[in-house]
Each structure stands twice: as structure tokens, then as C-alpha cells.
Amino acid sequence: MSKTPNFDKALAEILDNLQPHTRRCLQCQKDFDIFAEDIEMYKKLQVPPPKLCPDCRMQRRMGNAIHFLPIFRKKTCSASGHSEKLISIYSEKNPVKVYDDDYYNSDQWDALNFGRDYDFSNNFFDQFNNLLLNVPHQALQRDFKSAGCEYTVSGTSSKNCYYVSGPWFSENAYYGRLPSYSKDCIEFLNVSNCEGCYEGVELDHCYNCKFCRNSSNCIDSHFIFDCKNCSNCFGCFNLRNKQYYFFNEQLSKEAYEEKLKSIDLGKKSVVEQFKNQFEELLKKAIRKNLSNIKAENFVGNNLKECKNCFWVFENIGGPTENLRYCQTQEKSNNSMDFTGGSLANHIYESARVFTGSSVKFSLMLRVVQEMEYCADCNNCSYCFSCVSLKNKKYCIFNKQYDEEEYWQKLDKIKVKMLKDGEYGELFPLVNSIVPYADSNASIEFYLPKEEIIKNGWHWEDDESGVDLSKFQTIKASDLPDDIKDVSDNILNKVIVCEKTGKPFRITKFELDFYRKKNIPLPRIHPLQRIKDRFELRHPFKLWQYPCSNCGQTMYSGYDSTKKYKVYCEQCYLKEVI
């Protein structure tokens, strides 16, 4: 029998006669389609159809979350008797409360103490936002299975990572986003099963590679693009199972090694020369329209082991099935409008759910089931509109109920929300506790300050200035060109970024890495370097245009305005493989 009979009856009146149609997005005012397959998922997940188009829904999810960028602010701990400054994703001026990790994870406080009744006479989202601002949060949303990862955002089961967002079973990863099962890598974006790599973008199973992109199973290579099973290659693209290639020209082992001896990549000037040369070379590269592996019946990009997926992007591994409008998944199934998660099933309009099932309209949950409109909860089930709960069941607005009372109360609330047009929508961006400029949405849907403020979304001016008079500083332009000329004294200096003017320092681990790998010192602030690399990835978007070879219309992950040489899969396989 239904636990929420009145809600189910009210929802059935909406869904039973729902047919495929076109509707107008309430945010961007563009038309979007409701497909028959969408309606099937709405019925399966028991939700009404959305009011926003897929892009605006994704923007809303991303605007409520930080895990693309490693954002670090200083904020005072809100725990009783505490006054220490914490490293947090939230600034001091942000009204949200945070606890240090030890206190947050202890039994010294209980989020149920912040419980309150739902007020049927007031707007639901305003009530939840008040709860969100008053219940303390974790400072960096780090996973407690990780060690030595004080300067990381989110992620799981990692060790000794620094200035990284989303480290996933990785070790000694510095300055990047989403290293998974990787070790000893610096400067990267989306690397998997890699070791000893530098400045890698979209790499898989690569070892000791520098300045490489979109390649897999490559060893000891530099400046390569779209290469597979290659070793000892320099300045190459579209190669398969090759060795000792220099700018796509076959050399003998001796000739190749002699070439490399004459190239000193420890000098910044030399690296910049070859970066420019590599970019010119890539204009000749053939690009496959979509980067999918073992994908069946799909519309999407960067998918691995996927089946029956529509408008899905960046599945990072493991069997995945029956997803619609999803991004950044691992081993997740039967979900819709879901951004960021692993081992999750039957998820709707949520972001960052790890090991969960039957979750709707929620943010940052771990090991959960049957959760709606919740945030930052761990090991919970059957909760509605709760924040920062641990090991709880049958709670509404952080207030405990017995099972029967929970379902009766929930039924009334959901009927009221559905009638008011609130149920079925994620928290609006006007209520986000995350500044838009720091959020994931700032990468995928960049907006200038003026437009963010005009929309009424969360904006914070950057007040993270540092009094450099207290430190020994050096301009990036004054750094030695050659890593061999850098002394240990650099560890005591603050470098002023040549692009943003922001200060940063070099750590002992990375200096040792640069010396070992013969890599010059960076001149740009770490956060800006990470942002710049996002320009090299596929966005969560598809374009339709003709294949550069056969003219057949195709989907592509490459922006049509960039005029790349993009082939459909059939033409690409004939030419490259």
C-alpha cells in the first residue's frame, strides 16, 4: 500500500494523461521537449514534469555545488567554544555555519537539535534555506576515508593530495580536478589510472607523460593528442600502437633519443615554444565526433560502458544503464537529471550522491536511501528536507518522528508543495549557499558579475587579499627559466602570478617532482591553471553538423565554431585506426 496515498493520487492526476509535448522554460524562455521516454521516467520516479529545460536544470544543480574547482577560503569554526580559522569552501562573509572535521564527525553535537516544524503557511524553499543557513556544515565536504588531503574538495579514499577537487582513490595528486585511481600526477584534468604525468587532460592508463591530451595507454610521451598504445612519441596526434615518432614522423630509436637530447623541457622558454608548435599541429588532427567506449543506444559524450543513456556526459567507468540528462557518473543506473555520483540508483534532480538509492532534489549525500530535499547527510534513510544528519531515519526538517507519523506528515507536505508548484523543482539559485562564481556552473555556464547580480543569485566579491609585505616575494617573470637554476630557497618565497596577480607558493613535493621530471616552475596561480585546463575539455553539450569527410550530419562534442576537422565514427575509424 502507498505510504503517501494523497500525494500519489494528486500526482497521478498530472502524470496519467501526460503526453509528449513542447513547453517553455521558465528561466531562459526557450522551448524544450518532453519525450515519451521522459514521461516513463517521471512515472517510475514519481515526480511531475520539470518547469526548466535540461540546460537550466543542469545549471541549477551545478550552481548549488562546488567540486569542479578546489576553492579554499578561511572561515571561523562555528562550534561552541571554538574560534579557530578553518580552510573551507565557504568564506567568512558567507552566513552558512561550518564545523571543523573532527568536531563535525564527532558525537559532541546532534543536527536534530536544529529541528523545527514545517510551516504550511510559508514558502517551502524559504523555510529550507533558513535551515540550511543555521545547521552547521562540513568545511570542505571531504571524505573521512582520505588521509593527508587537507586541501582537497570532496573525493574519496585518497592519500596526500593537494589543491585538488574530487580525488578518487588517488595518491600524491596536485593541482587538478578528478584524478581517479592515479598516483604522482601534477597539473591535470580528468585523469584515470595514470602515474607520473604532468599537464594531462583526459588521460587514461598513461605513465610518465607530459603535456598530453585525450590519450590512453601511452608511456614516456610528450605533446600528444588522441594517441593510443604509444610510447616514446613527441608532438604527435592520431597514432595507434606506435613508438619513436617525432611530430608524426617515424624515427629509429637512436634518432629519436638524439632528438630528445637536444630538447630541454626544463626551460620555460622551450616549453612555450613547443606548446605553440603543438597547437599549430593540432589544426591538422582528425577529431572523432564523440569519445565513447563500449556505449550502446546512447546520445552523449565521454561515456564508458553505458547502455540506454540519453543526453549523458562523462561517465567515468563501470556499467551504467538507463540515464537521462546526467553528468559525471560512476556505476549509476535508472536516474534522471543527476550530476556527480557513484553507485547510485533511482536518483532525480540531485547532485553528488554517493552510494544511494531513491533520492530526489538533494545535494551531497553519502550512503542513503529514500531521501528528498536533503543536503549534506550521511548514512540516513527516509528523511525529508534535512541538513547534516548522520545515521538518522524518519526525520522532517531535522525533527525526529516515529514511522507512522513520518508518513502522515510527509503526505500532507508533498500534497501542499505539489499544489503550490514547489514539488518537483530543486532549490532555486537565489537560495544557493554557494557563490555562483565558485560553483560548478561558473565553468559550464559562465556569467559575468553583472548578470549574476541581476539574476539575484549568490555573489561575493573576492576579499582574499594577502599582505605581501610580510613575505619574501618574487614576480613570476623573475623566476629562473631553467629548473636547474632553481634553488631550495624558492620554497621560502611567494610567487606573484603573472596573469592574475595572486600569490602562490611551491611545495617541497612539487619542487622535487619538477626536478625529477625536468619541468620548469609554473608562473600562473594554481586555481587559474586549473580553470585554463577546463577550456580543453568537452563541455556537457552536443552540436549537430556535417562530418568533415563524408558530410553526414552527426552529433559532436566539439564546438562547431572552432572549425576543427571532425569526423563521424565510421570515417574516423577508416582514417585513424
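**Exercise 1. How many disulfides does a search of the whole structure find?**

Before starting, note that this is a predicted model, where local features need pLDDT of at least 70, side-chain atom pairs count only at pLDDT 80 or more, and totals for chains, interfaces and linings use all residues. Residues are numbered from 1 along each chain as its sequence is written, and side-chain values use heavy atoms, with hydrogens and water left out.

*Solution.*
- Step 1: Get the rule straight: a disulfide is a pair of cysteine sulfur atoms within 2.5 Å.
- Step 2: Try Cys194. Its closest cysteine sulfur sits in Cys197, 4.7 Å away, so that's too far for a bond.
- Step 3: Go the other way. For Cys197, the closest cysteine sulfur is the one in Cys194, at 4.7 Å, again too far for a bond.
- Step 4: The search of the whole structure comes up with 0 disulfides.

**Exercise 2. Is Cys194 buried or exposed?**

*Solution.*
- Step 1: Buried means under 20% relative accessible area, exposed over 50%, and partly exposed in between (1.4 Å probe, protein chains only).
- Step 2: Cys194 has 2% relative accessibility, so call it buried.
- Step 3: Cys197 is buried too, at 3%.

**Exercise 3. Which residues does Lys85 touch, leaving out those up to four places away in sequence?**

*Solution.*
- Step 1: Check the surroundings: Lys85 is exposed, with a relative accessible area of 53%.
- Step 2: Look for contacts (heavy atoms within 4.5 Å). Lys85 has them with Lys75, Thr76 and Glu92.
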